[in-house]
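Here are my notes on the structure, set out as numbered points. Please read them with the structure open beside the text.

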Amino acid sequence: MSDAAQPTAAEVRAAAEAIKTALDRHLAAVERRSGDDDPAVFEAFNQLAAAAEVYDELLYDRYDEVTPFEIPGADETLPPYAGPEEPHAISVLIRRDYTVAEPQRLLAQAERVEAAEDFEDLAGLDEDAAGTVPGALGLLFGEFEPDEIASRHKEFGLEEGDSTLWVTAADEAPEAGEWLEAPFEHFDPQAVVCRFDVSAVFDDEDDEHDEHDEHDEHDAADPDAEDDDIEFVDDEDLDETEDEHGGEHGEAGGAAVRGAGR
């Protein structure tokens, strides 16, 4: 960076003052919070994060120095909702990812669709579209609704990946055909009403959390217990127990031992 482009000492100090102000606002918002999802706290957090980032950059550019703290997550969350209070239109943005796990199954399903009597050829597809994976996908997604494919994806040789759904609000619906060429490029993040994400990452985190909880519960119930102390009873042992005791008493004892073994 040239000397002419470097920030002045006054600019760095102004950025430091901005952090102090943002800290005060954040603390005040936290003290007045109305719940876990208070938008005022959310907005104050983002303002504090933005002020810290500006100060950090100016400090480094001017003095080649960095701050000893970092505020994570500011770029990974949506900004507070600032759309219309009573929206007259909404847009639903959906993305679902799949992997072609069984190409032959996909091709077979596409051939059935192509051979159906009531099937009408889709524009842009060749006559032998069912013989290629891209053509088969075009046939299936042209014949079935995306929600139906999502619920029957295994039948079509597909495996689910991540998916997300965003609902955005607007005062008026867009003109017909206005966004068709670039459907996901023009939207205001502050107009997002709600968002729902599905990912295997979340499942892995839940599994790790559950395993940790189960381990803690096991230790809390019997800290000295070890898996090697568990003796499982096989069918021969149960038969011997029934022969020795006989009758209903033997059967009840066997059921109790099986339950303990599990």
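1. I begin with one side-chain contact. The side chains of Ser199 and Asp162 make a polar contact, at 2.9 Å. Ser199 sits in the loop that lies between β3 and α6 (200–221). With a relative accessibility of 10%, Ser199 counts as buried, because the cut-off for that class is under 20%. Keep in mind throughout that this is a predicted model.

2. Next, the overall make-up. The protein has eight helices and three strands. Going along the sequence, their pattern is α-α-β-α-α-α-β-β-α-α-α. The strands β2 and β3 therefore follow one another in this pattern, with no helix written between them.

3. How are the three strands arranged? They form an open sheet in the order β1-β2-β3, and the pairing is antiparallel. The edge strands are β1 (89–100) and β3 (192–198), each of which pairs on one side only. On average, neighbouring strands of this sheet are turned by 10 degrees against each other, with direction ignored.

4. The pairing of β1 with β2 can be followed in the model. These two strands run antiparallel and are joined by eleven bridges. One position to look up is Thr99, which stands opposite Glu159 in β2.

5. The other pairing is that of β2 with β3. Strand β2 covers residues 158–170, and six bridges join it to β3, again in an antiparallel run. Two positions can be checked here: Leu165 stands opposite Phe196 in β3, and Trp166 stands opposite Arg195 in β3.

6. Now the aromatic rings. A pair of aromatic rings is described by how far apart the centres are and by the angle of the planes. By the rule used here, the count comes to one aromatic pair. The ring centres of Phe144 and Phe156 are 5.2 Å apart and their planes are at 40 degrees, so the pair is tilted. Phe144 belongs to the loop between α4 (133–143) and α5 (146–151), while Phe156 belongs to the loop between α5 and β2. The two are twelve residues apart, and the pair is described as linking distant parts of the chain. Is this pair buried or exposed? Both Phe144 and Phe156 are buried.

7. Asp64 deserves a look for its backbone. Asp64 has a positive phi of about 55 degrees, although it is not a glycine. Its place is in the loop between α2 (39–63) and β1. The relative accessible area of Asp64 is 56%, and the residue is exposed because that class begins over 50%.

8. Ala28 lies in helix α1 (residues 9–31). At 21% relative accessibility, Ala28 counts as partly exposed, because buried would require a value under 20%. Ala28 and Ala40 are twelve residues apart in sequence, and their C-alpha atoms are 9.7 Å apart in space.

9. Last, some totals for the whole protein. Of its 262 residues, 21% are buried. The accessible surface comes to about 19700 Å², and carbon and sulfur atoms account for 49% of that surface. Among contacts between residues at least 6 apart in sequence, 71% join residues at least 24 apart.

Methods:
Residues numbered from 1 in each chain as written. Predicted model: local features only at pLDDT ≥ 70, side-chain atom pairs only at ≥ 80, totals over all residues. Heavy atoms only, no water. Pairing = 2+ DSSP bridges. Helix = DSSP H or I, 4+ residues; strand = E, 2+ residues; numbered from the N terminus. Axes fitted to C-alpha atoms, helices over the stretch in contact; angles between N-to-C directions. Phe/Tyr/Trp six-rings, centres within 6.5 Å; stacked < 30°, edge-to-face > 60°. Buried < 20%, exposed > 50% of the residue type's maximum accessible area, 1.4 Å probe, protein only. Contact = heavy atoms within 4.5 Å. Areas by Shrake-Rupley, 256 points an atom, 1.4 Å probe, with all protein chains shown as cover. Polar contact = N/O pair within 3.5 Å; in protein donor to acceptor, adjacent residues only side chain to side chain.
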